Amino acid sequence: ALTAGIVGLPNVGKSTLFNAITQAGAESANYPFCTIDPNVGIVEVPDHRLTKLTELVQPKKTVPTAFEFTDIAGIVKGASKGEGLGNKFLSHIREVDAICQVVRCFADDNITHVAGKVDPIDDIETINLELILADLESVEKRIGRVGKLAKQKDKEAVFELEVLEMLKEAFESDKPARTVEFTEEQMKIAKSMHLLTIKPVLYVANVSEDDVADPSSNEYVQQVREFAAKDNAEVIVICAKIESEIAELEGEEKEMFLQELGIEESGLDQLIRAAYHLLGLATYFTAGVQEVRAWTFRKGMKAPQCAGVIHSDFEKGFIRAETVAYEDLLDAGTMTAAKEAGKVRLEGKEYIVKDGDVMHFRFNV
Ligand code: GDP
């Protein structure tokens, strides 16, 4: 399963946030594909469409989809040189599919900051630099090998060397791989390197209780936003401390608490949604009277693969998928009405599933 890793310097609020995640988190029993590991938190993906479908179909039960956050502890300055838990830290990052970097944007004299002062950009750069240095080392090693072949005019090697040199140049000017503009062919090579800085990133600006309702007044948040725009990254503002309180609430209680705070949606819900997109994930639905359920697929997946998310037999024996777009089903009001309106399509093996498709798979057993 795809996972988003949570990283950050010490004392920025990672554990507080991760506790909120596990607190709000889903029962792993409902999601057998998820990893059971103390460093992994399973979250359900909030989706208003699932609520609407439930009202429409009135099923016996409704099951949201879920994915994982992984808590990655232990970054310190010098990680790329193996300091602290350095190498372990880097290898954990290598295993995640996207990075959520928690950045301290709250001032609190009682809580020490590792660098002595609150400076979000400096914090971000400290972590990014460790990752860039680790990538630079990988690329230099590779250049050593590929360079020899390129000298012998090996065409593929010459092409690869070009990509490696582009990466090296970026790293030497402190730029992560995700900011380099590659052609599609070059990107294939860059991706095959399993670099740390090519992974998509979002910054989680952790603000104080006083700033959640109106984070624009927080100058640290402004700085992070400006930095992120240059870094091809998104920013989510949360107050980890409050999130851990919200996470203990549900339904109306949660709504009321959010209203009191003057926010529409909890920061954690925003983070979950943003991380889900960052991972390149999307949702399709199945809607039967027994169960209305959301399923996760990777954008670009075809109908049989999506059927395989439910069960491998569905993929093996795939015949076709009755498909209706969520909006069309909602407009029609019932599945029968949607069929009469000609909105339900029969899609075959080559169909690329879209976010929001409501699907019924036909398969041979
Ligand atoms: P970690 O080292 O990054 O895991 O940081 P922790 O989650 O342990 O947080 C470090 C300290 O900052 C703890 O004392 C937290 O209570 C405090 N803290 C975390 N988030 C917030 C926040 O949003 N506001 C305030 N005021 N304190 C926070």
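**The ligand shell and the region of residues 280-363**

By class, the shell around the ligand is made up of six nonpolar, seven polar and three charged residues. The model in which this shell is seen is a predicted one, and the ligand is a convenient place to start reading it.

Of the 16 residues around the ligand, those that come nearest are Gly 13, Lys 14, Ser 15, Thr 16 and Lys 241. Two elements give two or more residues to this shell, namely helix H1, which covers 14-24, and helix H8, which covers 240-246. The most is given by H1, which supplies three residues.

The database record can be set beside this picture. In an unreviewed entry, UniProt lists Asn 11, Val 12, Gly 13, Lys 14, Ser 15 and Thr 16 under "binding site". Two of the residues in that listing, Val 12 and Ser 15, can be followed further.

Where does Val 12 sit, and is Val 12 buried or exposed? Val 12 is found in the loop that lies between strand S1, residues 3-7, and helix H1. Val 12 counts as buried because 25 other C-beta atoms lie within 10 Å, the cut-off for a buried residue being 20 or more. When its neighbours within four places in sequence are left aside, Val 12 is in contact with Val 102, Val 103, Arg 104, Asp 123 and Asn 206.

Ser 15, by contrast with the loop position of Val 12, lies in helix H1. Ser 15 has 17 other C-beta atoms within 10 Å, and is therefore partly exposed, since that class falls between the limit of 12 or fewer for exposed residues and the limit of 20 or more for buried ones.

From the ligand, the reader can turn to another part of the chain. The unreviewed UniProt entry lists residues 280-363 as "domain: TGS". Over residues 280-363 the chain is 31% helix and 39% strand, and the C-alpha atoms at the two ends are 27 Å apart.

The pairing of strand S10, residues 318-325, can be traced on to two other strands. With strand S12, residues 357-363, S10 runs antiparallel, and seven bridges join the two; along this pairing, Arg 320 stands opposite Arg 362 in S12. With strand S11, residues 345-347, S10 also pairs in the antiparallel sense, here over three bridges, and Ala 321 stands opposite Glu 347 in S11.

Technical notes
Residues numbered from 1 in each chain as written. Predicted model: local features only at pLDDT ≥ 70, side-chain atom pairs only at ≥ 80, totals over all residues. Near = placed C-beta within 6 Å. Helix = DSSP H or I, 4+ residues; strand = E, 2+ residues; numbered from the N terminus. Nonpolar A, V, L, I, M, F, W, Y, C, P; charged D, E, K, R; others polar. Pairing = 2+ DSSP bridges. UniProt positions renumbered as here; feature names shortened; annotations may be inferred. Contact = placed C-beta atoms within 7 Å.
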